[in-house]
Amino acid sequence: MRETRLAADDFILPLFACAGKNVRREIASMPGVYNLSVDEIAKEAAAASELGVKGIILFGLPEAKDEAGTGAYHEQGIVQQAVRAVRESAPELVIMTDTCLCEYTSHGHCGVVRDGEVLNGPSLELLARTAVSQAEAGADVVAPSAMMGGQVGAIRDALDDAGFDQVAILAYAVKYASGFYGPFREAADSAPAFGDRRAYQMDVANVREAMYEAELDYAEGADILMVKPATCYLDILKTLREQFDLPMAAYHVSGEYAMIKAAARNGWIDEQRVMMETLTSIKRAGADIILTYYAREAIRVLSS
Ligand SMILES: [Zn+2]
């Protein structure tokens with residue numbers, strides 16, 4: 001009689017690639033989540049695949065950052081290296097890549113900055129280059145997260161031109177200016193050096209704007225639409241599910257994960273129960289795919 005059932009293939013595990021060798025650096029506010037050097041990412045991905053994880057999404061922490069975010073689209077960029085290593089160590093995994101510049105720019109913004117302003121046009125060009133270089137490395141899905149106007153269309157065109165029409169785009173259709181991203185910024189060292197990203201993230205109070213943003217990504221050729229964060233925005237997820245015939249993704253973000261972990265560590269909640277309840281609610285609201293740091297733990301529960 002159960003209407004909503006979680007399964008292993010609902011989950012995508014986010015992994016953070018960093019420079020070096022034999023590096024496993026736990027993120028203080030995200031217990032169980034690590035910054036991993038490429039060799040360690042390869043092992044981690046293989047172990048996750050063995051456990052039943054079907055897909056991962058890779059974020060990169062480059063050794064050096066610069067004004068133009070060169071590390072995002074360099075052939076030997078950290079994510080490109082990680083993609084190639086995972087392709088080798090876990091060939092069955094679906095590999096998604098975060099496609100943005102903010103982890104690679106010295107100013108921490110998601111695009112090209114001039115006179116304190118983020119410029120949309122030049123940013124699109126670099127985002128498209130980033131997507132193509134990730135596809136060249138072997139990514140199956142690129143996930144543009146910069147929230148620049150026209151990014152999905154620009155990336156689709158660039159991928160098609162480069163012969164990667166099979167590479168899918170997971171669009172961050174609706175990305176709210178949320179306080180729940182805090183721990184991720186520690187993980188990815190990507191807080192902006194000046195200003196914030198509110199100018200290109202959505203006001204938490206808006207619904208119609210979410211529909212409008214999703215409509216644009218849909219029209220530009222997105223293959224999957226994503227809502228981020230997940231649990232505070234289940235209404236948005238449900239509305240999008242009803243409006244669009246594309247697969248829906250939800251990102252259960254770092255702060256959502258950290259809150260459950262922290263409360264559980266204090267003995268205030270039953271972690272396993274709250275984790276499964278949370279993930280079930282996200283699926284119930286309409287997510288076909290859930291990006292979550294709990295992917296492995298949830299699969300362990302499901303298979304026990
Ligand atoms: Zn960004």
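Let's start at the surface: the protein chain exposes about 12900 Å², and carbon and sulfur atoms supply 49% of that area. Keep in mind as you look around that this is a predicted model.

Stepping back to the overall form, the C-alpha atoms fill a box of roughly 50 × 45 × 40 Å along the principal axes. A compact globule of 304 residues would have a radius of gyration near 19 Å, and the protein chain, at 18 Å, agrees with this. Turning from the outside to the inside, 58% of the 304 residues count as buried, meaning under 20% relative accessible area.

How is the chain put together? The protein chain has ten helices and twelve strands. If you take the contacts between residues at least 6 apart in sequence, 74% of them join residues at least 24 apart.

Now for the empty space. Rolling a probe the size of a water molecule over the atoms shows where such space is left. Here the structure holds two cavities of 30 Å³ or more. Let's visit the second largest cavity, which has a volume of about 50 Å³.

Which residues line the second largest cavity? From the early part of the numbering come Leu13, Pro14, Leu15 and Phe16, then Gly32, Val33, Tyr34 and Leu36, followed by Glu44, with Tyr293 and Arg296 completing the lining. Strand 1 (11-18) and strand 3 (30-37) are the elements that give two or more residues to this lining. Sorted by class, the lining of the second largest cavity has eight nonpolar residues, one polar residue and two charged residues.

Notes:
Residues are numbered from 1 along each chain as its sequence is written. This is a predicted model: local features need pLDDT of at least 70, side-chain atom pairs count only at pLDDT 80 or more; totals for chains, interfaces and linings use all residues. Side-chain values use heavy atoms; hydrogens and water are left out. On a 1 Å grid over the protein atoms alone, a cavity is a set of points where a 1.4 Å probe fits but cannot get out, and a pocket is an open set with protein on both sides within 12 Å along at least five of seven lines; lining residues have an atom within 4 Å of a point. Grid points are joined across faces, edges and corners, and a volume is the space filled by probe spheres set on the points. Helices (H or I, at least four residues) and strands (E, at least two) are DSSP runs, numbered from the N terminus. Ala, Val, Leu, Ile, Met, Phe, Trp, Tyr, Cys and Pro count as nonpolar, Asp, Glu, Lys and Arg as charged, and the others, Gly among them, as polar. The radius of gyration is taken over C-alpha atoms; the globule rule is 2.2 Å times the number of residues to the power 0.38. Buried means under 20% relative accessible area, exposed over 50%, partly exposed in between (1.4 Å probe, protein chains only). Contact means heavy atoms within 4.5 Å. Accessible areas come from the Shrake-Rupley method with a 1.4 Å probe; for residues, only the protein chains shown count as cover.
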